[in-house]
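User: Could you take a close look at the empty spaces inside this protein for me, and at the parts that surround them? I'd like one connected walk-through that I can follow with the structure open.

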Amino acid sequence: MIKIKTQVGIIGAGPAGLTLANWLRKQGISAVILENRSRAYIESRVRAGLLEQNTVDILENLGIADRLKKEGLRHEGVNLSFNGDRIRVPFGELTEGRNITIYGQQEVVKDLTNAWLDGRGELYFEANATKIEDIESDNPKIYFEHGGEESVLECDFVAACDGFHGLGRKTMPKDSYNEFTVTYPFSWLGILANVAPSSEELIYAYHENGFALSSSRSESVSRLYIQCKNDDKVENWTDDQIWDELEIRLGTPGWELKRGPIFEKGITPMRSYFIDNMQKGRLFLAGDAAHIVPPTGGKGLNLAIADVKHLVDGFTAFYKDGNTTELDSYSETALKRIWRAQDFSNFMTTLFHKHEEHGSFGYQLQKAKFDYIKRSKAYRTTISENYVGMPFEAFE
């Protein structure tokens, strides 16, 4: 059996695992990453594309934002529509200059992977982690298969950034956490199309036919979604039907939807999931391994990076002077932001998706909220603060 030793063993080469590794190296802490997929797979996997101000700042501070600054699309506001009545919420004006940037998750992963490997960091692709042992000791171990050989990674700490189906959470004792799950009664049919975005900023739209979202991945690629049933199939929708429905749901006087070739379609379920304890002994969870939010608030990737920030603070304090206070309180600290993100994601989801028929009690409540957003600067500020990501010190 091949034995490898490091200080922090990381499972998962997604945004969380890669950011953690690069950040630890900057602090003089060694790490090894195990990833069960190929490099080509992780660098082409299309996921989130909205980066909060905190995430952008972290990547810039790590020196891994050259391409982000060149190719990312900075958005200083968002458009909200209710049955064709559209308003703009200006982020920067309401949050002292904090904004968002549109930059695909796969591009973030490429940048982080290049930085890690260019600095001779160890990353084992197609390495299947099979077992985590001795998490209550000072020397936990990750057993994995790589290249047909059995191997073990011995480390001081294990950081499981391996997603919802990963080994990390499965290793946590069932009695060490409570589980929270919400499944919404609708899904998103999403497309990627080779066409310039129809709006310079995102559009969230409620319509009696259902929710729609206009977003982008670059200046030439649009990302759009429509609300659909949970049991719907991609095969039920032709390209023309999708574009026609987007035009109806997003439509407002004077606005035109740009159409183009669709090169990817998929259906995304809308759900929330998280556990209220993200650590046990020397095992720590980060990102989707511990929490999932509906994509309406754009929080998934950004929550993962926030988890990493708290882990880096804890590991740095431990290796600098043996202080475990921040590691001991990791879950408590991270959950403050996670609960806030869950609430905001639920708010955006329930505001813009069709739940009840036009004119019903539920519909009137949704419309009342939208009308209040139009009237109240304080309400628009609350939305802006949550959308761009509240500073870390706000949760101290």
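Analyst: Happy to help; here is a walk from the empty space out to the helices, the cores and a few single residues. Please keep in mind that this is a predicted model.

Let's begin with the enclosed space. Rolling a probe the size of a water molecule over the atoms shows where empty space is left. Across the whole structure, the search turns up one cavity of 30 Å³ or more. The largest cavity holds about 100 Å³ of space. To find it on your screen, select E52, K299, N302, L303, R337, R340, A341, F344, N386, G389, M390 and F395, which form its lining. Two elements, α9 (300–321) and α11 (330–352), each give two or more residues to that lining. The top contributor is α11, with four residues. Sorted by class, the lining of the largest cavity comprises five nonpolar, three polar and four charged residues.

Now for an open space. The second largest pocket has a volume of about 260 Å³. Its lining is made of 13 residues, and those closest to the centre of the pocket are K309, H310, E326, T333 and E396. Here too, α9 and α11 are the elements that supply two or more lining residues. For this pocket α11 gives the most, with five residues. In chemical terms, seven of the lining residues are charged, three are nonpolar and three are polar.

Helix α9 deserves a look of its own. It has 22 residues, and the distance from its first C-alpha to its last is 33 Å, close to the 32 Å expected at 1.5 Å a residue. After α9 comes G322, with a positive phi near 75°.

The same helix also leads us to the nonpolar interior. The largest nonpolar core has 76 residues, and the members that touch the most others are I10, L20, L285 and F315. With nine residues, α9 provides the largest share of this core. Take L285 as an example: beyond residues up to four places away in sequence, L285 touches A160, G168, R169, M172, I275, M278, A290 and Y330. Another core lies apart from the largest one; it has 33 residues, including M348, L351, F352 and Y387.

F352 gives us a link to strand β15 (residues 203–206), where A205 sits. With neighbours within four places in sequence left out, A205 is in contact with F352, and also with S81, G210, F211, A212, R249 and L250. The relative accessible area of A205 is 0%, so A205 is buried. A205 and L257 are 52 residues apart along the chain, and their C-alpha atoms are separated by 13 Å.

L257 in turn takes us to L246, in helix α8 (residues 239–250). Setting aside neighbours within four places in sequence, the contacts of L246 are I191, A212, L224, Y225, I226, G251 and L257. L246 counts as buried because its relative accessibility is 0%. Its C-alpha is 10.0 Å from that of G210, a residue 36 places away along the chain.

A buried residue can also be found in a loop. S176 lies between α7 (167–171) and β14 (179–193). The relative accessible area of S176 is 17%, so S176 is classed as buried, and its contacts beyond four places in sequence are N277 and K280.

For another helix, turn to α6 (residues 105–118). Its 14 residues should span 20 Å at 1.5 Å a residue, and because its end C-alpha atoms are 20 Å apart, the two values agree. The buried residues of α6 are Q105, Q106, E107, V108, V109, D111, L112, T113 and W116. Just after this helix, R120 takes a positive phi of about 65°.

That backbone angle is worth a pause. Most residues other than glycine have a negative phi. E96 has a positive phi near 60° and belongs to the loop between α5 (91–94) and β8 (100–102). At a relative accessible area of 81%, E96 is exposed. E126 also has a positive phi, near 50°, and its place is the loop between β9 (122–124) and β10 (127–133). The relative accessible area of E126 is 55%, so E126 counts as exposed.

If you want one place to return to, go back to α11, which gives the most residues to the lining of the largest cavity and also to that of the second largest pocket.

Methods: Residues numbered from 1 in each chain as written. Predicted model: local features only at pLDDT ≥ 70, side-chain atom pairs only at ≥ 80, totals over all residues. Heavy atoms only, no water. 1 Å grid on protein atoms, 1.4 Å probe; cavity = no way out; pocket = protein on both sides within 12 Å on 5 of 7 lines; lining within 4 Å. Points joined across faces, edges and corners; volume = space filled by probe spheres on them. Nonpolar A, V, L, I, M, F, W, Y, C, P; charged D, E, K, R; others polar. Expected span 1.5 Å × (residues − 1). Core = buried A, V, L, I, M, F, W, Y, C linked by side-chain atoms within 4.5 Å. Buried < 20%, exposed > 50% of the residue type's maximum accessible area, 1.4 Å probe, protein only. Contact = heavy atoms within 4.5 Å.
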